[in-house]
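Reader: Please take one part of this protein and look at it closely. I would like to know how that part sits against the rest of the chain.

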Amino acid sequence: MSTTVMTRAGLLRSAALTICGRREDKLESCNSCLRKADAVVRLAKGPDLNTALVPRIADVICEADGTPCAACWDKATMLLLELRP
């Protein structure tokens with residue numbers, strides 16, 4: 001397995017754990033949050049960074065169709081700060 005694949009897998013696991021609700025005793029996320037992490041990582045690591053990115057990520061996390069909750073807004077902001085170079 002290449003380093004690139006392992007790095008992406010680690011990035012997905014970390015993002016999924018943030019989406020799922022990171023806490024000291026939690027080591028893995030649920031499958032639903034892992035699927036969301038893929039979309040979030042693609043958005044955050046993509047070439048475009050604009051003001052619409054945080055709401056889009058919050059929507060993916062919350063599955064809210066345009067009205068994400070405050071906790072998902074916070075998670076989206078945290079993920080964007082963690083994932084952007």
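Author: What follows is a close look at helix H2 and its surroundings.

The model is a predicted one. The secondary structure of the protein comes to four helices and zero strands, in the order α-α-α-α along the sequence. Of the 85 residues in the protein, 33% are buried. Among contacts between residues at least 6 apart in sequence, 43% join residues at least 24 apart.

Helix H2 covers residues 31-45. For the 15 residues of H2, a rise of 1.5 Å a residue gives an expected span of 21 Å, and the end C-alpha atoms are 21 Å apart, so the two values agree. The buried residues of H2 are Cys33, Lys36, Ala37, Val40, Val41, Leu43 and Ala44. A lysine, Lys36, is thus listed among them.

Ahead of H2 comes the loop that joins H1 to H2, and Glu28 lies in this loop. Glu28 has a relative accessible area of 66%; the cut-off for exposed is over 50%, so Glu28 counts as exposed. Along the chain Glu28 and Arg13 are 15 residues apart, while their C-alpha atoms are separated by 7.5 Å.

Next, the packing of H2 on H3. Two packed helices are described by the angle between their axes and the distance between the axes. For H2 and helix H3 (residues 53-62), the angle is about 170 degrees and the axes are 9 Å apart. Angles over 145 degrees count as roughly antiparallel, and H2 and H3 are therefore roughly antiparallel to each other. On the H2 side, the residues in contact are Lys36, Ala39, Val40, Leu43 and Ala44; on the H3 side they are Leu53, Arg56, Ile57, Val60 and Ile61. Sorted by class, this contact has eight nonpolar residues, two charged and no polar ones.

Some of these residues also appear in the largest nonpolar core, which has 20 residues. Val40, Ile57 and Ile61 are among those with the most contacts inside this core, together with Ile19 and Leu79. Helices H1 (3-20), H2, H3 and H4 (70-83) each supply at least two residues of the core. H2 gives the largest share, six residues.

Leu79 shows how these parts come together. Leaving aside residues up to four places away in sequence, Leu79 touches Ala15, Thr18, Ile19, Val40 and Ile61. One of these, Val40, is buried in H2 and is also in the contact of H2 with H3, as is Ile61 from the H3 side.

Methods
Residues numbered from 1 in each chain as written. Predicted model: local features only at pLDDT ≥ 70, side-chain atom pairs only at ≥ 80, totals over all residues. Heavy atoms only, no water. Axes fitted to C-alpha atoms, helices over the stretch in contact; angles between N-to-C directions. Parallel < 35°, antiparallel > 145°, perpendicular 65-115°, else oblique. Contact = heavy atoms within 4.5 Å. Nonpolar A, V, L, I, M, F, W, Y, C, P; charged D, E, K, R; others polar. Core = buried A, V, L, I, M, F, W, Y, C linked by side-chain atoms within 4.5 Å. Buried < 20%, exposed > 50% of the residue type's maximum accessible area, 1.4 Å probe, protein only. Expected span 1.5 Å × (residues − 1).
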